[in-house]
Amino acid sequence: MATTTLIRNADWIIAFDPARNGHRYLRNQDVAFAGDSIAFIGPDYAGQADRTIDGRQLMVMPGLLDLHLHAYMEMHGKGFFEDLASKHMWMTQLFEYTWVLQEDAESAVAATQASVCDLLRSGCTTMAELYCSGLPYEGWVEMLGRTGIRTYVCPMVQSGHWGTPNGRDHVYTWHEAKGIQNLARSLELIDEAMRHSSGRLHGMVGAAQADTCTPELFGKCKQAAEDRGIPLQTHAAQSVMEFREMIRRHRKTPIEWLAEIGVLGPRTLLGHAINIDQHPWVNHHERKDLDRLAETGTTVVHCPRAFAQWGDMMRSLGGYRAAGVNMALGTDCYPHDMVEEMRIAGLMSKVASGHVDLLRTEHVFEIATLGAAKALGRDDLGRISVGAKADIVLVDLAHPSMRPVRDPLRSLVYSGVSGAVRDVFVNGEQMVKDRKVLTMDQDDVLDRLEAGQKRALDRVPTMDWAKRTADEISPLSLPQ
Ligand SMILES: [Zn+2]
């Protein structure tokens with residue numbers, strides 16, 4: 001029989017209200033979950049419980065969803081990329097340096113585990129892991145299954161890739177047959193995940209980028225996703241360079257081209273979609289991309305922190321939402337802290353729109369929960385609701401960053417830190433207890449990641465077009 005956990009008399013619960021198809025607060029009530037699902041929400045639970053948690057001074061909230069990250073590779077760049085500008089490739093998101101830090105198989109495992117530790121500890125219970133450096137290493141799916149987080153595995157395929165031979169030109173190298181060939185293997189990995197015994201692994205078809213996949217590869221990816229009833233994700237409108245390239249190739253914006261070849265739709269997620277036709281940097285004469293996204297029901301996965309680091313921002317998250325575009329959040333690079341990501345999303349939207357309340361706290365939270373669940377076609381994620389998956393986060397309202405507690409969600413989004421997240425359950429299993437990840441030894445993971453980062457930094461001259469060292473490309477912030 002399934003184990004029942006009771007959270008008794010929680011100060012605050014962010015519960016799903018079907019009448020308004022959104023969240024609402026409940027005060028001083030109970031939440032019980034049995035096995036992997038929520039069984040009860042309300043006052044005075046009278047049933048049996050195997051374990052009881054005192055809910056006083058706690059907020060019970062649904063686990064957050066991070067639908068766009070590259071856990072296996074980006075953490076290696078911590079301390080290297082933050083201030084790195086490319087002199088001749090401005091507005092390109094550092095394409096000159098994108099590939100200079102290459103993880104090895106061993107450190108890819110450590111980076112993935114380190115990313116998941118950060119996510120879990122910030123109240124995230126679902127991630128979409130986008131692998132886009134060829135096919136993943138042996139044992140990838142199993143390793144993801146052991147981390148404890150709910151994962152949409154997304155091995156991305158592509159018909160070509162970009163690089164630079166000189167730090168100025170943005171050059172595509174095409175290998176179309178290999179893209180089709182890799183799709184077969186990536187679908188095997190997705191099917192392996194969907195069969196996984198943990199019940200926490202799911203599949204997402206991945207076509208790497210709008211500018212690196214042929215219509216044929218996109219068509220096969222879309223068909224494979226539809227056959228399995230699973231989502232598809234690609235990167236699109238993520239740089240000025242890509243936007244200009246698609247205008248040059250097709251006389252169409254990236255979003256317009258994706259709409260035309262049939263990629264957009266309610267089960268399609270676009271990573272970023274920041275440099276769309278209305279973005280001032282692309283200097284385009286039409287304003288139709290937002291309507292294209294809204295009319296097709298396409299989801300945009302917004303990763304504000306990564307773009308802020310590159311000096312760019314969505315114009316604006318509140319504006320996209322108001323136009324009817326379904327939105328989700330992602331952490332993309334690092335840190336993988338969903339509390340911080342929500343705050344940056346809210347603040348950047350205020351800056352970009354010039355409005356204080358076009359995007360309010362409840363909207364940011366809705367995007368990080370219900371918007372993401374909608375993109376996945378899941379009505380059992382991102383909500384505290386009877387029958388929903390027991391992906392539950394307990395926030396410590398006594399944490400200094402949360403006090404004084406007038407409105408705990410506002411405290412969390414605008415003042416809170418991930419240290420306020422005390423306990424995390426995924427599929428009813430406890431993965432974080434008193435701020436400690438139970439599935440991994442985080443210190444050991446970080447030791448292995450640090451060793452891997454050193455190896456990757458040592459290899460930089462072999463990956464850079466000008467054969468520079470890591471310190472030549474990115475000197476330390478202070479002299480030593
Ligand atoms: Zn990405």
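Which residues have the most contacts inside the largest nonpolar core? Before I answer, please keep in mind that what we are looking at is a predicted model.

The largest nonpolar core has 126 residues, and those with the most contacts inside it are Met61, Leu67, Leu120, Trp140, Val205, Leu258 and Met342. If we ask where the largest share of this core comes from, it is helix α1, residues 105-121, which supplies 9 residues. To take one of the well-connected residues, Met342 touches Leu64, Leu329, Val364, Phe365, Ala368, Leu412 and Val413, leaving aside residues up to four places away in sequence. There is also a second core, separate from the one just described, with 17 residues that include Val60, Ile384, Ala390 and Ile392. As general background, nonpolar side chains in soluble globular proteins tend to be buried together.

Let me stay for a moment with α1 itself. This helix has 17 residues and reaches 25 Å from its first C-alpha to its last, which is close to the 24 Å expected at 1.5 Å a residue. Helix α1 is mostly covered, with 13 of its 17 residues buried, and after the helix comes Gly123, whose phi is positive, near 85°.

I turn now to the metal site. The protein donors of the zinc ion are the NE2 atoms of His68, His70 and His235, which lie 2.0 to 2.1 Å from the ion, and along the chain these donors follow the spacing H-x1-H-x164-H. Because His70 lies in the loop between β6 (64-69) and α1, whereas His235 belongs to strand β13 (residues 232-236), the pair ties together parts that are 165 residues apart in sequence. As for exposure, His70 counts as buried because its relative accessibility is 3%, below the 20% cut-off, and His235, with a relative accessible area of 3%, is likewise buried.

Finally, a word on Asp380, which is found in the loop between α11 (361-376) and β17 (392-396). Is this loop residue buried or exposed? At 16% relative accessibility, Asp380 counts as buried, since the cut-off for that class is under 20%. The side chain of Asp380 makes a polar contact, at 2.8 Å, with the side chain of Arg378, and, not counting residues up to four places away in sequence, Asp380 touches Gly387, Ala388 and Lys389.

How values were computed
Residues numbered from 1 in each chain as written. Predicted model: local features only at pLDDT ≥ 70, side-chain atom pairs only at ≥ 80, totals over all residues. Heavy atoms only, no water. Core = buried A, V, L, I, M, F, W, Y, C linked by side-chain atoms within 4.5 Å. Buried < 20%, exposed > 50% of the residue type's maximum accessible area, 1.4 Å probe, protein only. Helix = DSSP H or I, 4+ residues; strand = E, 2+ residues; numbered from the N terminus. Contact = heavy atoms within 4.5 Å. Expected span 1.5 Å × (residues − 1). Donors = N, O, S within 2.8 Å, 3.2 Å for Na, K, Ca; no water. Polar contact = N/O pair within 3.5 Å; in protein donor to acceptor, adjacent residues only side chain to side chain.
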